[in-house]
Amino acid sequence: MDFPRRWLFRMLLLFAAGSGILLTLYCSVRQRQRFLEPQAQARSITSPRATFEPKASNSKSRKNQPCQHPLSLAIQKDGHFRGLFDFSIPVLLWGGLFTQELWNDLSQHKVPFGWQGLSREAIISTLRLLDNPKSAELFGASKPLSCIRCAVVGNGGILNGSRQGQKIDAHDYVFRLNGAVIKDFERDVGTKTSFYGFTVNTMKNSLISYANLGFTSVPQGQDLHYIFIPSSIRDYLMLRSAILGVPVPEGPDKGDRPHTYFGPETSASKFKLLHPDFIRYLTERFLKSKLLNTRFADLYMPSTGALMLLTALHTCDQVSAYGFITSNYQKYSDHYFEREKKPVIFYANHDLPLEASLWKSLHNAGILWLYQR
Ligand SMILES: *[C@@H]1O[C@H](CO)[C@@H](O)[C@H](O)[C@H]1NC(C)=O
């Protein structure tokens, strides 16, 4: 094409598609601005729209209101993330999903991505206890009608002195994990806990390592549900024992009484189990670390915080992430509950730099809101 024709062609193209594209661009720019400045939005009296971070006072009245920032819409608008998210993958594993085919499939993958080398009897006897379809759902009957707003609270030092407690508690559901110290940090991290996510290994390590910093028991409560991450046979054995209300019969946790961790309630609906296929999908699509090409490959898995945040992104309509690693992590202590600043520890089995860049991209795409300061 010679110059004027090419120019005309472009003009026509712009004209035909432009209104839609420009509108989309305009909307996404507006949305990003609102995402980047929730503080300013919250303070603006003239703003007629709800802010991304709901306030405690209006949490009841907005039960039936549609989402202001549905993450599904932000995903659709993003060329990269649209190709990664697959909402058809089951997030939770329960008895109704067990078949010979599932056994065959998962037997080919190591934990936490499968059941390679695990006792079939241990797996089946655990899943048999999760026999109600409610075990497939995170929210169940208490689910708000229109827009599920979730806060996922990591344990990063950025939360020390953050005063985010009320905003965190204003979400419909609050996810916490591992050494989630609440006492004396209510103003910074809130008090509400809807879900506590862990592996038996990380939970017990947290209880040992952070006991002197105030983590003397995992969060408990009537409205609280536990999300087991099946990173070894220990998780299946502990889950089974928790529902049966008996001590763990074998393995490294032999003799542990689950109610000392989870409280007296033993109903199966209290306990949820992440699906190994979901963990594998998350790892392959979102957190495919270069560590998988090293001698640490067999150890590598996303961090507990990453698994909880990605679980929320696949089940909630809006997600805010607090206490997750940010690009300026060096300014903050490893955990918010430490008394003296400690550098962030980079474990060989996780890839925190990769997780940091994922949270940042998801934030920039308007798919989640990441607390930064
Ligand atoms: C947490 O904040 C308090 C008050 O600002 C400060 O004295 C303390 O050193 C901080 N802790 C860490 C681990 O940074």
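This passage walks through the ligand site, one helix pair and two backbone features of a predicted model. Residues are numbered from 1 along each chain as its sequence is written. Because the model is predicted, local features need pLDDT of at least 70 and side-chain atom pairs count only at pLDDT 80 or more, while totals for chains, interfaces and linings use all residues; side-chain values use heavy atoms, with hydrogens and water left out.

The ligand is surrounded by Asn160, Ser333, Glu338, Arg339, Glu340 and Lys341, where a residue belongs if one of its heavy atoms lies within 4 Å. Taken alone, the ligand exposes 360 Å², and the protein buries 45% of that (Shrake-Rupley areas with a 1.4 Å probe). This shell holds no nonpolar, two polar and four charged residues; Asp, Glu, Lys and Arg count as charged, Ala, Val, Leu, Ile, Met, Phe, Trp, Tyr, Cys and Pro as nonpolar, and the others, Gly among them, as polar. A polar side-chain atom of Asn160 lies 2.4 Å from an oxygen atom of the ligand.

Turning to the helices (DSSP runs of H or I, at least four residues, numbered from the N terminus), α6 (residues 120-127) packs against α10 (residues 233-244) at about 40°, with the axes 9 Å apart. Axes are lines fitted to C-alpha atoms over the stretch in contact, and angles run from 0 to 180 degrees between N-to-C directions. This makes α6 oblique to α10, a class for angles not under 35, over 145 or from 65 to 115 degrees.

Finally, the backbone: most residues other than glycine have a negative phi, and most peptide bonds are trans. Arg163, not a glycine, has a positive phi of about 55°. The peptide bond from Val111 to Pro112 is cis, with omega near 0°, and Pro112 sits in the loop between α5 (100-106) and α6.

Technical notes:
A polar contact is a pair of N or O atoms within 3.5 Å; within protein, one must be able to donate a hydrogen and the other to accept it, and residues adjacent in sequence count only if both atoms are side-chain atoms. Helices (H or I, at least four residues) and strands (E, at least two) are DSSP runs, numbered from the N terminus.
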